[in-house]
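Good morning, everyone, and thank you for making time for this. I would like to walk you slowly through one structure, so please keep the picture in view while I talk.

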Amino acid sequence: MFPESFQVHVAPAVNRFINDLIAAYAPVFDSISAGILSFLLTVNEILLAIPWWGYILGVALLSWYSSKKVVASIILAALPFLIGMFGLWGMALESLSIIITAVLMALIIGLPVGVLMAEVRIVATILRPILDGMQTMPSFVYLIPAMMLFGLGRVPAVLATLIYALPPVIRLTALGLNQVPKPVEEAALAYGATRWQLIKEVRLPLAMPSILAGVNQTTMMALAMVVISSMIGARGLGQEVLLSINRIDIGRGFEAGISVVFLAIVIDRLTQNMAKRWEPPKR
Amino acid sequence: METPSEAIVIRDLWKIYSRKKDLRISSSDVENEERVEELDKGEDAVVAMKNVSLSVNHGETFIIMGLSGSGKSTLIRCLIRLVEPTSGEIVVNGENVVAMRKRELVDFRREKIAMVFQHYGLLPHRTVLDNVCFGLKLRGEEKEARRAKAVEALEQVGLKGWEKYYPASLSGGMRQRVGIARALVMDPSILLMDEPFSGLDPLIRRELQDEMIRLQKEMHKTIFFVTHDLSEALRMGDRMAIMKKGEIVQVGSPDEVIANPADEYVAKFVQDEREQLQRAERALTKEQMGKEAGVHVS
């Protein structure tokens, strides 16, 4: 066995740090929490205001508009209908509102950071290991500080989801910006583009497919996290899964699980098709 | 100030690329001959351009010729500081380009000079029309005005009706026509062309050369033209300079260069052309003699 005398623990220090943080900045966290909650509630309200058939029609039309495939669009639109048939419609909307909130926040933070990462080398050097850490850290670990700082429920779920889902947006934005062909950039500069014009007119539009791939990945990761965050009391499909595990109710777990999969398929297809539309035309 | 007959004056221009991050090369390195030699031999730096001095007159087509790696692309990029020269002076229409600040440089690039690239450098996500508009947009011109100008420029290069297409659906020759239209629409006094026709097949290349010659007859721009193709240089150029390993080895009219190559390098360059000339001459004389003989028989 590893000698006990060599053991050094950082756990007390981490605990103390979090405790001090809460003690010192409780009002700050409270206001952040309130802000996120109101954002979340707005999203939720909008989602609830749309009738159930609106979703099905919306998925069908969006899918048809972006892919022009009729059969695929019908199948895709049938998936949310199935979720409704399992009686999980409300849960699915609950999950969706957390996902949308987290993804929107991830984009608001991630896009500018991604641009910064592509433009300033030092930012990239510092950020890369942090992003690696954010992605490889077991996602359960985020739940503890999120819960301690923001209590139980949906707000810490959004934050944990945000941390987990943020890296792909940042990474793929930076990647897309750096992949712009050199001759195109050089030509833009030769015609008098400023640094900002170069980003706005050339690099961002050309990076769009890569950025949207990042949005897609972020959404998928957020979806995975939504199930996990049910452990800190976020309602939604994850809660159903958790409940079924506790009661060893395989059938119920299957319904909830497959609903998560359906949700994932719908979001994945829609965002991927959108990404394709942004690619520069091949002919 | 410069005499007005000269559009571009280049004096003692140097470019030394550093290959190591912490190796900063400045004009003081250039002044020291031993230091330059040391850098040239070492692995840490590349001396791309040595002591280049040139002057280009208004309205002439000036050709820079050399093999790849001879520094000609570096030279043309220095003129609008896409590459920062290590030391030396560049004066364009009386303005010192090297001394320009960021903002001045942007204005200079927008107003005075336009460039055509070997790899076109078109924006794949914009239509042909929007590509031609691009420079005008950067300059801040009104949408209607720039569209009208772009349509006209496209007509000039023979691409009327292609406005709504994307670059990906055009052939290489057509893409370069867009590249030329994009430059012409800026109405610059100086046109930089960096091997614009090198990537095209011979027939299209010739077609575009003719097109440029025709346009130049109407426009009388100062054209700074880089190429590695001697026949292109001979067709297009009023005067030419030949570069070798970053230095200019000869400047003169195409005829002078062919007749009196300055050294072996230039001689090798023009050898093909001379051989072809001789061969064509032989063939023509044969034909002539054949005809004459034919006349006798009949």
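Before I point at anything, one definition will help: the axis of a helix is here a line fitted to its C-alpha atoms over the stretch in contact, and the angle between two axes runs from 0 to 180 degrees between their N-to-C directions. Please also keep in mind that what you see is a predicted model.

Let us begin with chain A, whose secondary structure comes to eleven helices and zero strands. The C-alpha trace of chain A spans about 60 × 55 × 45 Å along its principal axes, and of its 283 residues, 39% are buried. If we take the contacts in chain A with a separation of 6 or more, 75% of them are between residues 24 or more positions apart.

Now look at helix 9 of chain A, residues 195-228, and helix 11 of chain A, residues 250-278, whose axes come within 8 Å and cross at roughly 170°. How, then, are helix 9 and helix 11 of chain A oriented, roughly parallel or roughly antiparallel? Because angles over 145 degrees count as roughly antiparallel, helix 9 of chain A is roughly antiparallel to helix 11 of chain A. Among the residues that make this contact are L212(A), N216(A) and L223(A) on helix 9 of chain A, and L263(A), D268(A) and W278(A) on helix 11 of chain A. Sorted by class, the contact has 15 nonpolar, four polar and one charged residues.

Let me turn to chain B, which has eleven helices and ten strands. The C-alpha trace of chain B spans about 80 × 55 × 40 Å along its principal axes, and 38% of the 298 residues of chain B count as buried.

Six strands of chain B form an open sheet with mixed pairing, and their order is 6-7-8-3-9-10. At the edges lie strand 6, residues 113-116, and strand 10, residues 247-252, of chain B, each of which pairs on one side only. On average, neighbouring strands of this sheet are turned by 15° against each other, if direction is ignored.

Starting from one edge, strand 6 of chain B pairs with strand 7 of chain B, residues 190-194, in the parallel sense over four bridges, and I113(B) stands opposite I190(B) in strand 7 of chain B. Are the faces of strand 6 of chain B covered on one side or on both? Both are covered, since I113(B) and M115(B) on one side, and A114(B) and V116(B) on the other, are all buried. At the other edge, strand 9 of chain B, residues 239-244, runs antiparallel to strand 10 of chain B, and five bridges join them; there, M240(B) has G252(B) as its bridge partner.

Finally, let us see how the chains meet. The contact takes 18 residues from chain A and 19 residues from chain B. On the side of chain B that touches chain A, helix 4 (102-111) and helix 5 (128-139) of chain B each supply at least two residues, and helix 5 of chain B gives the most, with four residues. By class, the residues on that side of chain B are eleven nonpolar, five polar and three charged.

I will close with the largest nonpolar core, which has 151 residues, and in which A165(A), L79(B), V132(B), A181(B), L192(B) and F224(B) touch the most other members.

How values were computed:
Residues numbered from 1 in each chain as written. Chains lettered and ligands numbered in written order. Predicted model: local features only at pLDDT ≥ 70, side-chain atom pairs only at ≥ 80, totals over all residues. Contact = placed C-beta atoms within 7 Å. Nonpolar A, V, L, I, M, F, W, Y, C, P; charged D, E, K, R; others polar. Pairing = 2+ DSSP bridges. Buried ≥ 20, exposed ≤ 12 C-beta atoms within 10 Å, placed from the backbone. Parallel < 35°, antiparallel > 145°, perpendicular 65-115°, else oblique. Core = buried A, V, L, I, M, F, W, Y, C linked by C-beta atoms within 7 Å.
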